[in-house]
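Trainee: Could you take me through one part of this model closely, the place where the two chains touch? I'd like to know how many residues each chain puts into the contact.

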Amino acid sequence: MSDADEAIVARDLIKTFTVARKHEGRFAGLRSLLDPVFEKRTVVDRLTMSVARGELVALLGPNGAGKSTSIKMLTGVLTPTAGEVYVNGRVPYRDRVANARSIGAVFGQKTQLWWDLPARQSFALLRDIFDVSNALYDRQLADFDAILELSEYWDTPVRNLSLGQRVRCEMAAAMLHDPPIVFLDEPTIGMDVVVKEQTREFLRAQVQERGRTIVLTTHDMTEVARLCERVLLINHGRLMFDGTLDELKAEHGSRPHVNVTFAQPVPVVELTGARVVSHDGMRAVLAPEGVTTSEDVVRALISRFPVVNIGVEETNLEDLMRDVYLSKLAAAPSNATRPA
Amino acid sequence: MTSIALPDAGRRRPHRSWRLLRVGVLNERAFRIRLIIAPMMMAVQLYLYDRLWTAVFQHTSKAAGLTLKQTLTYSLMALLMGRIRWNARTINVRDSIPIAVREGTIVYWFLRPISPGRFYMWRQSGDVLYGGAWALLGYAVLLAGGVIDPPHGATGAVVFAVSLALGQVVLYYLGQIVDVAMFWMLSNNGLARMYYFVQDLLSGVFVPLPFMPAVMLAFATWLPFSSGVNVPLSLYVGRIPVSHAPAQLALQLFWCAVLALVTRFMWQRASHRVTVQGG
């Protein structure tokens, strides 16, 4: 795939900040003021990645991994210290004005809406700033309203909106000018489940019906599982994994568990190809090992024990990510390559 | 992507600058109490200054080369001129640079097809026009009440208007330097407070510059602050004759040009060192 086919291309992207290091010991505050010591801190370290047009990609990583800084370089807000970046075929930080027309962004904890004005006035302001035609503006608002129910509260000053209402308005504001590429930095943080689902439906529609490319950073693994075809895992500013969630599970050895309840206490549960995770007589949890599948374990349990209830529990994604983050913290491999 | 034809024929939209100009007024309208407080505050300030200068001139007809009426005209109009940029320099407005940098929302200034400098200019211009409307109202009331002198003829009025406009441009650029410094300092409250005190003192808002000690007056004259308030008001009250106006206007233009270059350079540098606070 050539660069022209990609919505986003980053090669060996580096971002280094100069930060003041605090003195220690006596009069540390005064010494820091009079004799500041600066040090370089690399937040993004040779990040190489690409995103195809129309893809919805999750950019994952623990706090401080460099996700937000990467997003800010991809949007053109931050200038990389080194490396190449192209968004919609353009170097975003060199031509910010032109770049702005082809991207939209939501930074979950920061509002781009005018705080004291009704959300609809912010939309109108953005319409004028982006020079959106009346026809497109009307259509966009109608489409967004159909899913996000904006009209219920868009005449309320932004300062009086709930978090969920505000973030839905932020989504609409970011896409009013119909950008082909959208960056969402933790957009659903603090939302309740109903609003989250509404937001996911909106994002799905933007990708499937409008063909937008979306890069999403989130800590909500349910969101990732329901929305994203591809996962990019970043830690210490470096790309640690690039692939599907299933590939991540497979690479990390994550397997489903089989939960079983017996009709009467069973003193010992032993099956070839399965590890007993827990067992208390009436109930047991087993994990398939090696080539054994969960279906093999279910069949073996039913044939050998008085089973009254049995089920396969998929991997808990939160636990999976915790394990992945911890293992990736320990190891510091080079940039991953995207699977073919 | 299909496009749905919606009935927008005949719906004409003003240029985006018009909507950006209006933001300041809309913000004020969102808090109606401000529309009551603004004229009250202005009336109290003008009344107190009127009483103060009247008391100062109780035993003398002239001070620092100015009569009471000239002093009142200078001083009260200086207060009104301070009102012009009142909202533009309020550092707690959420879409001001200091707050935007501190809260990280500055990120959106760089994600719009309008440069941050231009966006800043339109927002500031709107605030200045809004403040200017209040100042004009106050001026009309003072003039109608005979508290201040009218301008010296049509020429005097035109010269004053041009000088006032140039003075506002100088103050706009000076304020912008303080605001854009936020990109380096990340917190400029102290700088802003100090700057606005110095600006008001050395431009003639607090006290007419002719009342300053000679050394301070010379110092103030060599700095751009004087171009903001003292020059237009000195032309208005006749302390600077209209025949000397070209030199004064040229000096104001000089400061406009220098400060425009400085702010342009600062914006260029600032855009390379945007720091987004708060993740």
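Mentor: Chain A brings 36 residues to the contact and chain B brings 32, where two residues are in contact if their C-beta atoms, placed from the backbone, lie within 7 Å. On the chain A side, at least two residues each come from helix H2 (67-74), helix H3 (96-102), strand E5 (103-107), helix H4 (119-129) and helix H5 (134-148). Helices here are DSSP runs of H or I with at least four residues, strands are runs of E with at least two, and both are numbered from the N terminus. H4(A) gives the most, five residues. By type, that side of chain A splits into 15 nonpolar, eleven polar and ten charged residues; Ala, Val, Leu, Ile, Met, Phe, Trp, Tyr, Cys and Pro count as nonpolar, Asp, Glu, Lys and Arg as charged, and the others, Gly among them, as polar.

Keep in mind that this is a predicted model, with local features needing pLDDT of at least 70 and side-chain atom pairs counting only at pLDDT 80 or more, while totals for chains, interfaces and linings use all residues. Residues are numbered from 1 along each chain as its sequence is written, and chains are lettered from A and ligands numbered from 1 in the order in which they are written. The model scores ipTM 0.84 and pTM 0.82.

Now for the partner, chain B. You'll find twelve helices and two strands in it, running α-α-β-β-α-α-α-α-α-α-α-α-α-α from the N terminus on. Its C-alpha atoms fill a box of roughly 80 × 45 × 35 Å along the principal axes. Among chain B contacts with a separation of 6 or more, 78% join residues 24 or more positions apart. Of the 279 residues in chain B, 40% are buried, meaning that 20 or more other C-beta atoms, placed from the backbone, lie within 10 Å of the residue's own.

How far can you trust chain B? Its mean pLDDT (the predictor's confidence in each residue, from 0 to 100) is 88, and 92% of its residues reach 70 or more. Of its elements, helix H1 (residues 16-30) has the lowest mean, 84, and helix H11 (residues 230-237) the highest, 96. Go carefully with residues 1-10 of chain B: pLDDT stays under 50 there, and the model has twelve contacts beyond four places in sequence for that stretch.

Methods. A residue is buried if 20 or more other C-beta atoms lie within 10 Å of its own, exposed if 12 or fewer, and partly exposed in between; C-beta atoms are placed from the backbone.
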